[in-house]
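Please prepare a tutorial dialogue on how the features of a two-chain model may be read. The structure is shown below.

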2 protein chains.
Amino acid sequence: MEDRGISQAVIGRLPRYFRYLGELKDTGVERISSQELSELMKVTASQIRQDLNNFGGFGQQGYGYNVEYLYREIGKILGLDQKHHFIIIGAGNLGRALGNYTNFEKRGFIFSGMFDQNPKLIGMKVRNISVQPMENMERFIRENDIDIAVLAIPKNGAEEVAQKLVRNGIKAIWNFAHVDLNVPKDIQVENVHLSDSLMKLSYNISRYQQENG
Amino acid sequence: MEDRGISQAVIGRLPRYFRYLGELKDTGVERISSQELSELMKVTASQIRQDLNNFGGFGQQGYGYNVEYLYREIGKILGLDQKHHFIIIGAGNLGRALGNYTNFEKRGFIFSGMFDQNPKLIGMKVRNISVQPMENMERFIRENDIDIAVLAIPKNGAEEVAQKLVRNGIKAIWNFAHVDLNVPKDIQVENVHLSDSLMKLSYNISRYQQENG
């Protein structure tokens, strides 16, 4: 399925459609109207129709959407029909939390290795994966067809690690370090800057208080 | 300082300005031109000038921006000059990771309590905070002037906990549970849906491969 011509705004909303359709599917719902989906997702029915029309005509007048089909097609667009092997750099609490999400596995993301520079953490197990020393990382990436690296380390070491990842052929970095990485354009980066998110929350509290006394 | 009339797009970019200005300040930089800031942040200088013009005239022709002043003013707009007390619900790896971020403290977010339903985790310490049973949560919120709750629990229990938070006067929820919460409009919610973020990364990998063979 081609995605050319689909706007970034629509793409940005796809994971949420995918999540809701997955839940409907899991509870045995076979079809749903845009009106019902609208009430569930709290977006307008016309927004839903416009968004899903981008993927051809799986909505039929008077019938609604076929939940399983739509779920699967959106999954394909998101690339979830492919398998990706990922490693986690940083075996602290955040790295371990991410390693323990079995949900990622269901979506084709295979947790394959974990690395830390702290000797005390080497050999610790997160699910079936043993934490290895950082010195093993580069060879491990090359030998195990790793395409995604999760950076769950403080910002100080992040740039240096990122350069090693790039040199060894990683395709994408899921970056939790509080720093914007300098990597070539062909490396996909998704930042999760938790401090930025907390500041947005803080801003919204302040604004609400100002507007409502 | 008033923020009325400042667009949501600008507001969304403020945490990043704040982060860069804070780093400049910490390394002793006193002033910076929009051109230099542009190279550092990889956004256009005209975008920076437009964004920062919203806050009045602290850029002077030929002088640039006063780093400390701008940092402080953006901090005020973000509400970081106020103190907020927060609790964390869920003492698993993610909850502990969030409890251990001392950075939040520096920005006025005071980690005040932690709760879990797992008896094995009760009494465990995260920094100076002991994990308490869920039954203590509601009273604790009321007695300790808690305004933010961090939800670091699986989606199944999240809605029920959210309702308890709302009933006891919480102002804002930082939601890491993979579910959209049903709360009144006067409760500020900031979602961090990690699966959605990983799917965006997956989409970008697929698209890059399609476009570049």
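**Reading a two-chain model**

Of the interface residues of chain B, 100% are also interface residues in chain A, so the copies meet through the same surface. The model is a predicted one, in which local features need pLDDT of at least 70 and side-chain atom pairs count only at pLDDT 80 or more, while totals for chains, interfaces and linings use all residues. Residues are numbered from 1 along each chain as its sequence is written, and chains are lettered from A and ligands numbered from 1 in the order in which they are written.

Q: How is the relation between two copies read, and by what turn can chain B be laid on chain A?

A: In general, two copies of a chain are related by a rotation about an axis and a shift along it. Here a turn of 180° and a shift of 0.0 Å along the axis lay chain B on chain A with an RMSD of 0.0 Å; the superposition is by least squares on the C-alpha atoms of residues with pLDDT of at least 70 in both copies. The two copies are thus related as by a two-fold rotation axis. In chain B, the C-alpha nearest that axis belongs to B:Asn93, at 2.5 Å from it.

Q: How many residues of chain B are in contact with chain A, and which elements give two or more residues to that side?

A: Two residues are in contact if their C-beta atoms, placed from the backbone, lie within 7 Å. By this criterion, 42 residues of chain B are in contact with 42 residues of chain A. The elements of chain B that give two or more residues to this side are helices H1 (8-26), H5 (93-99), H6 (102-106) and H9 (194-212), together with strands S9 (172-175) and S10 (188-191). Helices (H or I, at least four residues) and strands (E, at least two) are DSSP runs, numbered from the N terminus. H9(B) provides the largest share, 14 residues. By residue class, the side of chain B that touches chain A divides into 19 nonpolar, 13 polar and ten charged residues. Here Ala, Val, Leu, Ile, Met, Phe, Trp, Tyr, Cys and Pro count as nonpolar, Asp, Glu, Lys and Arg as charged, and the others, Gly among them, as polar.

Q: What is the strand order of the open sheet in chain B?

A: Two strands pair if DSSP finds at least two bridges between them. In chain B, seven strands form an open sheet with mixed pairing, in the order S6-S7-S5-S4-S8-S9-S10. Its edge strands are S6 (125-126) and S10 of chain B, each of which pairs on one side only. Helix H9 (residues 194-212) of chain A packs on this sheet, touching S4 (84-89), S5, S9 and S10 of chain B, and its direction makes about 165° with that of S10(B). Such angles run from 0 to 180 degrees between N-to-C directions, with axes fitted as lines to C-alpha atoms, for helices over the stretch in contact. Helix H8 (residues 155-167) of chain B lies across S4, S8 (148-151) and S9 of chain B, at about 175° to S8(B).

Q: Which strands does S4(B) join in the parallel sense, and is S4(B) largely enclosed or not?

A: S4(B) runs parallel to S5(B), with six bridges, and parallel to S8(B), with four. B:His85 stands opposite B:Ile110 in S5(B), and B:Ile87 stands opposite B:Ala149 in S8(B). A residue is buried if 20 or more other C-beta atoms, placed from the backbone, lie within 10 Å of its own, exposed if 12 or fewer, and partly exposed in between. Five of the six residues of S4(B) are buried, so S4(B) is largely enclosed by the rest of the structure.

Q: How many bridges join S6(B) to S7(B)?

A: Two bridges join these antiparallel strands, and B:Lys125 has B:Ser130 of S7(B) as its bridge partner. S6(B) and S7(B) form a hairpin with two residues between them, and B:Arg127 in the turn has a positive phi of about 50°.

Q: Where in chain A is A:Asp145 found, and is A:Asp145 buried or exposed?

A: A:Asp145 lies in the loop between helix H7 (137-143) and strand S8 (148-151) of chain A. Its phi is near 55°, a positive value in a residue other than glycine. With 11 C-beta neighbours inside 10 Å, A:Asp145 counts as exposed.
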